[in-house]
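Hi everyone, thanks for coming. Please have a look at the structure on the screen, and I'll walk you through a few parts of it.

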Amino acid sequence: MIKKQKKIAAITMSRDDDLFLSRWIAYYGKQFGTENLYILLDGIDQNIPENAGNAHITKLPHENMSRAGGDKYRINKLSELACDLLKTYDIVIGCDSDEFLIVDPKIYTNLSKYLSNKKIHTTLSGLGLDVGQHLYTEAILDKDAPFLEQREYALLSTRYTKPVVINKPITWGSGFHSIRHRNFHIDKNLYLLHFGAIDMNMLEEKAKKRGSDWVKHLKRRGNGTINTITRKKAKSEKWLRIARTLQTYCRPLYALRKPAMLGLKIVVKIPTRFKKSGI
């Protein structure tokens, strides 16, 4: 039985990230309508994407902070925004602009309908897939084409199994990686795709803007996700189910409310049907 459609908002915060933010707006705007998107821009100098439509965009003055201080500042702003939105919305999705929550296309529904029919216990997570470039088989990213038409592999990552869906006021930990005093509920049909390592050239360009030390570090060590995807043989789709089971029942002793993979680094071939998401 189809339940009443719930009112759902998606929120993010961004700085100097036009490519991903435009894709984020296109994807979540299609799912929920741009009028239900709330974006905080870190800096009054930031450009508003051309496809913003009716999205609610707030420019905040940029402040130079340490990495840890900046992460805490951003997540506190987004937690406050989510708590405020839950006065009028049933569900809020909070994630970075390079992260996309999808429903497995095999069940033939969209994200809005799926979440409207779920019983959510404060939080809900998708299995984290850290999508990266295979340096030997995949070309430089065409920024005008769909990401999943160009990238075939992902690292199964507990780091991106995030509690991004909430239906009650909470406080996220930095980067949406946790929720204080709450456990994870990993849904069997949801996946959170992270595209931060989608292209080595893009990472090199970003490093140049940060300074020579960043460039030297990247050239010396490469990128962890890209290195692993390039070097390890990809496993089959059955590992999606195995990883979900591991992350549901395994917890590191130092963080009992976070999922674990027993130290396994598993690369999987992204199911072809995921291209239907349009990302």
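Let's begin with Thr-225, which sits in helix α6, residues 224–231. Helices here are DSSP runs of H or I with at least four residues, strands are runs of E with at least two, and both are numbered from the N terminus. Before going on, a word on the source: this is a predicted model, where local features need pLDDT of at least 70 and side-chain atom pairs count only at pLDDT 80 or more, while totals for chains, interfaces and linings use all residues. Residues are numbered from 1 along each chain as its sequence is written, and side-chain values use heavy atoms, with hydrogens and water left out.

Is Thr-225 buried or exposed? It is buried, at 11% relative accessible area. Buried means under 20%, exposed over 50%, and partly exposed in between, using a 1.4 Å probe and protein chains only. Leaving aside residues up to four places away in sequence, Thr-225 touches Asp-130, Val-131, Gly-132, Leu-155 and Ala-197; contact means heavy atoms within 4.5 Å.

Now please find strand β9, residues 186–197. Of its 12 residues, 10 are buried, so the strand is largely enclosed by the rest of the structure. Which strands pair with β9? Strand β5, residues 99–103, does so in the antiparallel sense over five bridges, and Val-103 has Leu-190 as its bridge partner in β9. Strand β6, residues 123–132, runs parallel to β9 and is joined to it by six bridges; there, Leu-127 is matched with Tyr-191. Pairing requires that DSSP finds at least two bridges between the strands.

Next comes helix α7, residues 238–249. Its 12 residues reach 17 Å from first C-alpha to last, close to the expected 16 Å, which is 1.5 Å times one less than the number of residues. Trp-239, Leu-240, Ala-243, Arg-244, Leu-246 and Gln-247 are buried in α7. Seen down the helix axis, the buried residues fall within an arc of 165°, so they line one face; the arc is taken from the directions from the axis to the C-beta atoms. On the other side, Lys-238, Arg-241 and Tyr-249 are exposed. The cover over the buried residues of α7 includes β6, β7, β9 and β10.

Last, the cysteines. How many disulfides are there? Zero, counting a pair of cysteine sulfur atoms within 2.5 Å as a disulfide. For Cys-83, the closest cysteine sulfur is in Cys-95, 16 Å away and too far for a bond. Cys-83 is partly exposed at 23%, whereas Cys-250 is buried at 18%.
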